[in-house]
Amino acid sequence: MGEEVQTAIHRHCRPFNIPNSEKKSPYESAKVMKGKEHIYKIAPYEPGKPIEEVKRELGLRDVIKLASNENPLGPSPLALEAMKKHLEEISYYPDGHCSILRHKLSQKLGFPPQCFVFGNGVDEIIHFIGLAFLEEGDEVLTVEPSFIRYDASALLNKAFLKKVTLPNFQYDVSLLLSAISERTKVIFLANPNNPTGTFLPQEGLRQLIERAEGKLLVLDEAYFEFAEDPAFPDSLSFLKEGADIIVLRTFSKIYGLAGLRIGYGVAKQETVRAIEHIREPFNVNYLAQIAAVSALDDEEHIRETRKTIWEGKRYLYRQFEEMGLFYLPTQANFIFVDVKRDSREVFQALLREGVIVRTGDIFGCPTFLRVTIGTREQNERFTGALKKVLGGVQ
Ligand SMILES: Cc1ncc(COP(=O)(O)O)c(C=O)c1O
């Protein structure tokens, strides 16, 4: 870099880096552009605390994260292998159409390739749905407590949010049916639900689909691979029958690829076509596509993950029962448990023990914690810490 340029950069940076009492920046009192008024109604997403941050803040060496429902066994080994092989190709733009993955899913699930839409995580597809279908004054129906990105999708598009409660944390079909109005445009349901882990079974789903004719029903199945209950619905069978639903699935959970950001939706072609109008051209990155294709074939990783989660869930149930804590039997890879204290305090105390979980206050349940089911070792570490903490926090 030439000396002249360096000096210019240095001069330019001075007002920001070095307090200079002699010279005032002409921009100091300049007005800052405000965002659009309605966006301030959307609460910025607060992700689970990263492991490195907790280590640094608390001076801890060994920290486990059971906060964001990631796969405790890590990524699919087949996906890792495939990515390593293709690393050097990242100088190319990704395939904007996700062709290989599209065809693979088309064969696996039995829908034409045009019925799939891909996103930088399911989060992005939820965002796309709002952009593509919602207008000011439309009504969006969802439940409470549930995944909070549905709120953002509605509010960003000035739609009105209507939330139905979950009596005893269970889906109540009659409440959902009676909440559907003329103005309802989109219905977002997580099945199994986050944070409760409870689910809407086949018959309830059928009733809802029948009543919701003319609306778009979004079934977010981010955790469906962990469902054990035989009553868990086969949502794709309704899509095959022609229902106007979009089923969302992710590679972040059972496939262990959360850091790559890739998810998909399967729906009627007209629904996908609408979303294609607003999708950015290269929204799903190159390595994510490579990894997802291989992860779909990694049956051993899927089997081992399920086994770990199902065994871990029974272990945690027993531990909670011994501790006298109420918990919700789950169909997902996390458990919502009532610690009967301010969960923020319990969360902080668990952090000091090197265990990161999620507090229930963000879901309107201030005495609950949501804990991701981990490996046996992680679950033991968590329950050991919880026993210690609950003994101390009054
Ligand atoms: C119900 C639900 N849907 C979607 C997502 C986001 O999935 P993705 O990582 O594919 O964006 C999550 C993540 O925690 C979730 O809990």
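Me: What makes the backbone of valine 122 a polar contact of the ligand?
Reply: A polar contact is a pair of N or O atoms within 3.5 Å. A backbone N or O atom of valine 122 lies 2.7 Å from a ligand oxygen atom, so the pair falls within 3.5 Å and counts. This is a predicted model, where local features need pLDDT (the predictor's confidence in each residue, from 0 to 100) of at least 70, side-chain atom pairs count only at pLDDT 80 or more, and totals for chains, interfaces and linings use all residues. Residues are numbered from 1 along each chain as its sequence is written, and side-chain values use heavy atoms, with hydrogens and water left out.

Me: Which distance puts threonine 250 in contact with the ligand?
Reply: A polar side-chain atom of threonine 250 sits 2.6 Å from an oxygen atom of the ligand. For arginine 261, a polar side-chain atom is 2.7 Å from a ligand oxygen atom. The protein covers 93% of the 400 Å² of accessible area that the ligand has on its own (Shrake-Rupley method, 1.4 Å probe).

Me: Which residues come nearest to the ligand?
Reply: Val122, Asp220, Tyr223, Thr250 and Ser252, out of 14 residues around the ligand (a heavy atom within 4 Å).

Me: What makes strand 3 and strand 4 a pair?
Reply: Two strands pair if DSSP finds at least two bridges between them. Strand 3 (residues 139-144) and strand 4 have six, in the parallel sense, so they pair. Strands here are DSSP runs of E, at least two residues, and helices are H or I runs of at least four, both numbered from the N terminus. Valine 143 stands opposite valine 164 in strand 4.

Me: Why are strand 2 and strand 4 called edge strands?
Reply: The open sheet of seven strands has the order 2-8-7-6-5-3-4, with mixed pairing. Strand 2 (116-119) and strand 4 (160-165) each pair on one side only.

Me: How do you know that strand 10 and strand 13 pair?
Reply: Five bridges join strand 10 (residues 334-338) to strand 13 (residues 368-372), so the cut-off of two is met. They run antiparallel, and phenylalanine 336 has arginine 370 as its bridge partner in strand 13. Helix 12 (residues 299-323) packs on that sheet, touching strand 9, strand 10 and strand 13 (contact means heavy atoms within 4.5 Å).

Me: Why should residues 1-16 not be read in detail?
Reply: pLDDT stays under 50 over residues 1-16. Where pLDDT is low, the predicted coordinates should not be read in detail. The mean pLDDT of the protein is 93.

Conventions: Axes are lines fitted to C-alpha atoms, for helices over the stretch in contact, and angles run from 0 to 180 degrees between N-to-C directions. A polar contact is a pair of N or O atoms within 3.5 Å; within protein, one must be able to donate a hydrogen and the other to accept it, and residues adjacent in sequence count only if both atoms are side-chain atoms.
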